[in-house]
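Biologist: Hi, I'm new to this one. Can you pull it up and walk me through it?

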Amino acid sequence: MKGFLLPTTCALMLIVQATARGAPSTSLRAGAAPAGGAQGEGPLPDAPGKELVEIKCGSCHGIDYLAPSTRTVAQWRDTIAVMKNSGANASDEEWKTVTEYLMGNLAYLNVNKASADDVRLVFGVPEKVAQGIVAARDTQGGFTSIDDLKQFPDLDQKKIEAMKARLSF
Ligand code: HEC
């Protein structure tokens with residue numbers, strides 16, 4: 001009976017306590033999110049930018065802190081901002097690479113609600129292609145499944161299939 005701490009306050013306190021102990025142990029994150037994202041490549045999927053992410057995001061805590069995770073694009077944006085405030089530093093070019101890696105390989109996206117910029121990042125396509133997808137989506141009143149993404153020749157269908165767990169409609 002310690003007064004009336006809200007559950008969120010308790011969770012925050014746990015994080016603060018963990019942080020105060022220094023580098024968080026891997027066991028701290030165990031079971032934090034459903035497994036199944038990475039496929040036998042360690043916590044992070046192999047893709048361009050991975051090495052940089054390991055360097056930039058693995059110095060204060062392990063990269064296991066990054067995945068598996070069900071963070072959305074918006075949540076990754078927030079996390080990146082928090083890390084910048086916590087002292088993570090990189091050049092603009094490096095932040096761009098890190099952001100593209102995180103969004104393209106880890107971020108979850110609601111395809112029907114996403115902005116063209118989020119579509120660009122998550123699908124790893126040029127801006128024009130992303131704008132075309134969003135325009136088509138809005139014209140047809142939204143997509144219903146990844147099958148709707150098959151109409152876009154600029155999207156790599158194998159890649160879409162592989163990332164379907166991260167997509168919702
Ligand atoms: C200067 C040290 C530092 C660097 C570099 C760093 N982090 Fe962190 N990170 C922290 C600290 C401290 C926490 C602990 C909790 C908090 O402040 O949210 C943390 C927590 C996290 C979490 C867990 C947050 C949660 O809500 O569970 C994620 C995800 C994360 N970092 C991602 C990253 C990514 C991505 C990068 C690279 C861009 C990065 N970190 C680089 C210090 C750092």
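Biologist: By class, which residues make up the shell around the ligand?
Modeller: The shell has eleven nonpolar, six polar and one charged residues. Nonpolar means Ala, Val, Leu, Ile, Met, Phe, Trp, Tyr, Cys and Pro; charged means Asp, Glu, Lys and Arg; the others, Gly among them, are polar. This is a predicted model: local features need pLDDT of at least 70, side-chain atom pairs count only at pLDDT 80 or more, and totals for chains, interfaces and linings use all residues. Residues are numbered from 1 along each chain as its sequence is written.

Biologist: Which residues come nearest to the ligand?
Modeller: C57, C60, M83, G87 and A88, out of 18 around the ligand. A residue is near a molecule if its C-beta atom, placed from the backbone, lies within 6 Å of it.

Biologist: And which helix gives the most to that shell?
Modeller: Helix 4, with five residues. Helix 1 (7-20), helix 3 (50-57), helix 4 (73-86) and helix 5 (92-105) each supply at least two. Helices are DSSP runs (H or I, at least four residues), numbered from the N terminus.

Biologist: How confident is the prediction, by pLDDT?
Modeller: The chain averages a pLDDT of 84, and 76% of the residues score at least 70. That score is the predictor's confidence in each residue, from 0 to 100. Over residues 1-40 the pLDDT is below 50. Where pLDDT is low, the predicted coordinates should not be read in detail.

Biologist: New topic. At what angle do helix 3 and helix 5 cross?
Modeller: Roughly 105°, with axes that come within 9 Å. Axes are lines fitted to C-alpha atoms over the stretch in contact, and angles run from 0 to 180 degrees between N-to-C directions. So helix 3 is roughly perpendicular to helix 5 (65 to 115 degrees counts as that).

Biologist: Which residues make the contact?
Modeller: K50, L52, V53, K56 and C57 of helix 3 and E94, T97, V98 and Y101 of helix 5. Contact means C-beta atoms, placed from the backbone, within 7 Å. By class, this contact has five nonpolar, one polar and three charged residues.

Biologist: What about helix 6 and helix 7, how do they cross?
Modeller: The axes of helix 6 (residues 116-123) and helix 7 (residues 127-139) come within 8 Å and cross at roughly 120°.

Biologist: Where is P68?
Modeller: In the loop between helix 3 and helix 4. The peptide bond from A67 to P68 is cis, with omega near -5°.

Terms used. Two residues are in contact if their C-beta atoms, placed from the backbone, lie within 7 Å. Angles under 35 degrees count as roughly parallel, over 145 as roughly antiparallel, 65 to 115 as roughly perpendicular and the rest as oblique.
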